[in-house]
Structures are given as C-alpha cells and as structure tokens.
Amino acid sequence: MSNLAQAFANGKAFIPFLTCGDPDLETTEAAVRAMARAGADLIELGIPFSDPTAEGPVIQAANQRALSAGATTDKIFEMVRRLRRDVTVPLVFMTYANVVFSYGTQRFCAACGEIGADGLILPDVPYEEKGEFEPACRRHGLDLISMIAPTSELRIATIAKEARGFLYVVSSLGVTGVRGTITTDIGAMVGKIRKHTQIPCAVGFGISSPEQAARMAALSDGAIVGSAIVKLMEQYATQAVPHVAEYVRTMKQAVNSR
Amino acid sequence: MAGRAGRFGIHGGQYIPETLMNAVIELEQAYSRWRAAPGFQAELTALFNDYAGRPSRLYFAGKMTRDLGGAKIYLKREDLNHTGAHKINNVLGQALLARKMGKTRLIAETGAGQHGVATATAAALMDMECVVFMGKEDTIRQALNVYRMRLLGAEVVPVTEGTGTLKDACSAAFREWTRRIDDTHYCLGSVMGPHPFPTMVRDFQAVISREIRAQILEKEGRLPDAALACVGGGSNAIGSFHHFLPDSSVRLIGCEAAGRGVDTPDTAATIATGKLGIFHGMKSYFCQDEYGQIAPVYSISAGLDYPGIGPEHAILHDTGRAEYVAVTDEEAVDAFEYLARTEGIIPAIESAHAVACAKKLAPTMGKDQILVVTLSGRGDKDCAAIARYRGEDLHE
C-alpha cells in the first residue's frame with residue numbers, strides 16, 4: 001500500500017498546501033510541523049516556479065515571494081530532510097514540469113525518495129505526458145498524482161485506471177484560488193471515478209471555508225486547500241504559524257463534521 | 001515533421017493542465033477534419049487573397065544589393081499584408097477554424113501588438129468577441145497598437161504578473177482559457193504551445209514559403225541560396241522555411257534577438273543562451289536558470305522578447321538543418337534605419353533583426369547568389385520607440 005493511503009485512514013482527509021520559502025524556509029518548516037500537529041492528513045509542498053500557469057494570483061504571488069527570498073529546489077529538499085526527523089505525515093511535492101526536468105527527472109525523484117517525500121503533483125503534466133516522469137517516480141517510491149477536471153468526462157476511465165496514491169479532483173474550471181461557490185457536480189464526478197478505481201479522491205481548487213470543505217469532503221475522501229492558507233502566509237508572514245495551525249484545526253474538524 | 005502527439009523529435013508535446021486537455025484534443029480533431037475539407041481551404045484562400053491582400057510581393061531590393069556588393073537580395077513583403085504583418089495568415093486560419101467549431105470568442109496573447117491587432121481584426125470580420133492579453137510593459141511600448149485593438153472592438157487586458165511582457169501575456173491567456181473553454185478559442189500567435197498549435201500555426205504560415213518558392217522560380221528560374229527570418233516563437237521563420245526544408249541547397253537562417261548581447265543577462269536569444277526545458281505546453285529550448293526558473297528576457301523588440309522558441313525550430317537546430325544567429329538591439333536599429341534610407345521601406349524592429357543578418361551575410365556571398373529576407377511586418381509601430389532609443393524625446 002502506498003504511504004499516501006495513510007492520509008485517508010483517519011476519516012476524511014484535510015490536505016493543506018503551502019508554497020515553500022514564502023516568506024522564508026524557516027517559517028515554512030515551522031508551519032509544516034504545526035499543520036501536522038493540527039491534524040493535517042497530508043501536506044502539499046509547493047516548490048516555487050517563476051511562471052506557474054495553473055495558479056491564480058494568490059499562489060502566483062507566493063511563488064514570486066519565495067523565489068525572491070532565495071528558495072531553491074535544493075534548499076527545499078534540505079528543509080524536508082530536517083522535517084522528516086520528527087514529522088511522519090505524508091508529504092507530496094507540487095511543482096511544474098520544468099523544475100523537475102531541469103534538475104534531472106531521475107535525480108529529482110531519487111532525492112525525493114531519499115529525503116522521505118511520498119508523492120509528486122505536476123499540474124502541467126497530463127496523462128499523455130506522464131510516461132516521461134512516472135518510471136522515475138516509481139523507482140524511488142513516489143506516487144505521481146493524477147488530476148481529473150470537470151472537462152475530463154471522456155478521459156476519466158483512462159486516467160483513473162492508472163492513478164496512484166490519490167486522485168486530485170479539480171473542483172471547477174480555471175486556475176487555483178478562492179471561489180464563492182463551486183457549481184460542478186462533484187458527487188457525479190466522484191461516482192464516475194469510483195467505477196474505475198478504489199484509490200481515494202480528494203477535491204481541490206476554490207475551497208476556503210469550513211462549509212465548503214465539509215461539503216466537498218462529504219462527496220469524496222478529502223478536501224485540498226491552497227490559496228486560503230497562502231493568503232494567511234501573505235498576511236502574517238513570519239508570524240503566520242499559529243494562524244495556519246488554527247485554520248488547519250478548524251478545517252480538519254469541518255471535513256469530518258458530516 | 002511532427003510525429004505522434006505533436007512531437008518534433010524530442011521537442012513539442014502537450015504539457016498542459018488536465019482542464020485544457022479536452023480542448024486541445026477537440027482542436028486537434030477539428031483541425032484534422034477541416035484542413036482536409038476542400039471548402040475550408042478555398043474559404044481560407046479567398047480570405048488570404050481578397051481580405052489580407054495575398055500573395056505578398058517578393059521584391060528585388062536593387063539598391064541594397066548594389067550597396068552591399070554581394071548576393072542578390074529579395075524581400076518577402078509580409079509587411080504589406082492587411083494589418084501590417086504575417087500574423088494575419090495564422091489568425092485568419094484559426095478564426096475560420098474556431099467559427100467552424102462553433103466558438104464565438106477569441107482570446108490571444110500579444111507582444112508587439114501585431115498578433116493582437118490581427119486577432120482583433122479577424123474577430124471583427126467574423127463577428128466574434130475578442131480579448132487580448134498584453135504585458136503591461138508592452139502596452140506602454142506599443143501604445144498605438146493598444147488603441148488599434150480597442151478600435152477594432154477588442155478588450156485589451158494589461159498583464160502585470162511576472163515581467164509584464166510576452167511570456168506573461170501568454171501565461172495569462174492560458175489561464176483565461178482554463179477558466180472559459182466552451183465558447184472560447186485560444187488563438188495562439190506563434191508556432192509554440194501544446195500540440196496541435198505548433199503544427200497548425202506552421203501550416204497557416206507556410207503560405208509564405210509556398211509563395212516565395214513560386215515567385216523566385218518565376219523571377220530567377222532557381223531556388224534561393226538562403227532564406228532569412230527573425231525568430232521569437234518563430235512563426236514567420238517556420239513559414240518562410242517550410243517549403244524549402246527538403247532543399248538542402250537552401251540555407252535556412254533564423255535571427256534571434258540578442259538584446260544587449262548574448263554575454264549579458266539582457267538577451268532573448270534562446271538558441272544561443274537557453275537549454276532544453278518544458279514550458280507553455282511544449283518541450284523546447286528556454287532561457288532559464290540552473291533550477292529551471294524561466295529567465296526574464298530582454299529585447300528592444302516586444303515581438304521577440306520571449307524566453308522560448310517553437311519546438312520545430314528546436315529540432316531544426318538539433319539536426320543543423322537551420323542555423324540560428326543572434327542579432328543585437330544596436331544591429332537591429334542600424335538595419336531598421338538602413339532599410340528605410342536604402343529602399344524606402346520601414347521594417348518592423350523584429351524584421352530588422354533579419355535585415356541586420358542579411359547586411360552581414362550578403363557581402364560574403366557571390367553576385368550570382370540569392371538571398372531572401374522575410375520582412376515579417378512594417379515598422380510604423382516602432383518609430384517612436386526607435387526615436388527614443390536614438391535619444392529623441394518623441395512620444396505617441
């Protein structure tokens with residue numbers, strides 16, 4: 001069983017995302033520890049990219065702040081190595097194809113495996129291109145996470161059958177960011193996915209409030225939240241850790257409230 | 001040259017979010033269907049000829065030839081097309097296809113503004129909505145084109161993210177397409193992005209070399225010794241090269257923007273300074289740092305100010321079939337002024353990069369040799385910026 005299965009063994013999963021190095025790596029490291037203690041079931045660690053084309057303005061700005069503050073792939077790997085001395089929660093890197101490719105796909109995945117990361121999400125690598133990344137991921141014990149979007153109708157079976165770890169269900173069209181309402185029929189999407197795979201489905205994009213998280217988790221196996229947490233990081237910067245921990249605690253309770 | 005899934009050797013591919021995959025698959029299917037339909041080609045040819053003013057002239061630049069004292073120089077006058085650049089060729093093709101697909105809204109990125117103007121033009125002609133994303137920096141450099149787009153009924157969205165130039169405009173257009181797919185076609189302006197764009201845009205621009213070939217055979221009874229074009233993403237260059245690819249006697253030369261020099265950080269010369277990477281939907285060469293962060297590039301030319309190059313150029317470079325040379329701002333501005341004074345033609349500053357290369361190359365060639373330079377666009381839009389570059393206090 002994949003390490004990521006652990007994330008879904010404790011009721012519905014709450015999965016927070018943050019951009020590593022925003023405002024600095026010390027704060028990121030402390031925030032990850034605090035989120036794990038506050039009940040996060042899996043943590044997505046964004047490795048910043050100069051041109052994150054799947055992100056809305058909030059996470060785009062966080063990527064810029066992190067890069068300006070000097071975050072690099074190697075420094076982030078060192079941070080995760082330190083975290084893994086005491087943090088056991090599953091950790092998944094989220095970044096863009098060029099960050100992995102330019103590092104050397106084998107070398108990147110080997111480093112991830114060695115420091116104890118469990119998976120990789122590449123939003124600009126669809127099913128058609130995953131063959132370039134998946135063998136290296138498997139060799140080093142990483143699950144390459146597949147995404148299913150509201151436009152994936154005809155592709156659900158193909159994607160779901162080969163999915164590993166968990167399926168990242170994209171709640172709505174567009175890029176990441178807080179949305180007032182989510183109109184996609186998530187229940188129907190998850191129903192179609194479940195015909196083809198047993199692996200868990202977590203819903204992300206646009207979720208910020210406990211009510212939204214509760215509703216999305218009720219229809220799936222968990223909720224993913226990025227922009228709302230990154231906003232807290234932006235607002236409180238090096239003082240953000242207790243705010244983020246409190247938010248994660250509230251959201252973890254919310255996903256199991258229904 | 002594209003194989004399965006739009007690969008050019010190792011280059012190309014479809015590195016885009018899952019949300020967009022269905023849209024590019026639909027586009028690919030629609031394009032394969034319509035390109036083979038005789039009615040579509042006839043309709044496109046009619047638009048090319050009656051609306052855009054094709055075929056564009058192949059003009060013998062006699063004064064320039066005599067002045068440089070080497071090869072005979074011909075200029076392929078894409079600057080004489082309606083809207084003043086080669087961009088209209090691609091846009092008419094894509095707009096026609098989008099309409100066949102039932103789309104009612106075109107979005108586009110633009111650097112110098114030429115592609116944005118062309119898209120706004122086609123949208124006006126075909127009764128479609130149009131939104132153009134343009135780097136904030138470029139809306140200042142190319143204020144006149146912003147006005148032209150608005151005059152044509154398009155909405156122009158200044159992009160402030162990143163460096164506020166062409167790559168950021170392109171990212172913004174991709175993001176907008178992810179948000180609204182049903183009624184919207186992303187009219188990508190160059191031979192870049194995910195498959196099928198590099199192939200489809202190439203096919204629409206290939207009219208340039210199809211005409212050059214016929215025109216030079218008629219005028220000279222033989223093929224040219226070299227074809228030159230400027231390269232940003234590379235659409236006018238691919239269009240100028242395409243029908244000469246099988247003719248190994250024809251040197252194909254792409255002229256990149258070196259900016260302040262390839263040994264400075266202020267450059268946009270991708271082949272000279274970039275390395276293999278994955279960005280904007282494709283694998284190709286990109287200006288980037290050791291961690292794969294895309295470099296903030298620079299060129300005096302807003303249209304060449306892009307950190308990547310189309311995947312077909314990447315393989316033409318790999319195989320050596322085409323050569324890529326870097327031309328500095330200073331050389332391009334000299335060529336801009338030179339062509340104005342010598343032939344009475346003001347080229348786009350983008351095209352001036354190819355003219356600069358021709359100025360160097362022609363004197364090294366024999367008088368019996370022939371060189372074709374594609375003038376991808378006209379330079380009216382650049383006059384104020386070049387005047388300022390030369391120290392004049394001129395504002396539009």
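## A helix in chain A and what follows it

Let's start just past helix α10 of chain A, where A:A237 takes a positive phi of about 45°. Keep in mind that this is a predicted model.

The helix itself covers residues 227-236, and its buried residues are A:S227, A:A228, A:I229, A:V230, A:L232 and A:M233. What do these buried residues of α10(A) pack against? Their partners in chain A are two strands, β1 (13-19) and β9 (222-225), along with the helices α1 (25-37), α2 (57-68) and α11 (241-255).

## A buried lysine in chain B

Over in chain B, have a look at the loop that links α4 (87-100) to β5 (105-110): B:K103 sits there. This lysine is buried, yet it has no salt bridge. Why doesn't B:E26, the nearest side chain of opposite charge, make a salt bridge with B:K103? It is 4.3 Å away, and a salt bridge has to be within 4 Å.

The B:K103 side chain does find backbone oxygens, though. One belongs to B:I181, at 3.1 Å, and another belongs to B:D182, which lies 3.1 Å from a polar atom of the lysine side chain. Leaving aside residues up to four places away in sequence, B:K103 also touches B:D183, B:T184 and B:H185, as well as B:E26, B:A98 and B:M128.

## The strand after the loop

Next comes β5 of chain B. Is this strand enclosed or open? All told, 6 of the 6 residues of β5(B) are buried, so the strand is largely enclosed by the rest of the structure. In a regular strand, side chains alternate between the two faces of the sheet. Here, B:R105, B:I107 and B:E109 point one way, while B:L106, B:A108 and B:T110 point the other way.

β5(B) runs parallel to strand β6 (residues 129-135) of chain B, and 6 bridges join the two. Within this pair, B:T110 stands opposite B:M134.

## A four-stranded sheet and its helix

Chain B also has an open sheet of 4 strands, in the order β1-β2-β12-β11, with antiparallel pairing. The edges are taken by β1 (7-8) and β11 (275-279), each with a single partner strand, so one side of each is left without a neighbour in the sheet.

For β1(B), there are 2 bridges to strand β2 (residues 11-15) in the antiparallel sense, and B:F8 stands opposite B:H11. Lying across β1, β2 and β12 (281-286) of chain B is helix α13 (residues 311-319), which runs at about 40° to β12(B).

Note on methods
Residues numbered from 1 in each chain as written. Chains lettered and ligands numbered in written order. Predicted model: local features only at pLDDT ≥ 70, side-chain atom pairs only at ≥ 80, totals over all residues. Heavy atoms only, no water. Buried < 20%, exposed > 50% of the residue type's maximum accessible area, 1.4 Å probe, protein only. Contact = heavy atoms within 4.5 Å. Lys, Arg positive; Asp, Glu negative; His and termini not counted. Polar contact = N/O pair within 3.5 Å; in protein donor to acceptor, adjacent residues only side chain to side chain. Pairing = 2+ DSSP bridges. Axes fitted to C-alpha atoms, helices over the stretch in contact; angles between N-to-C directions.
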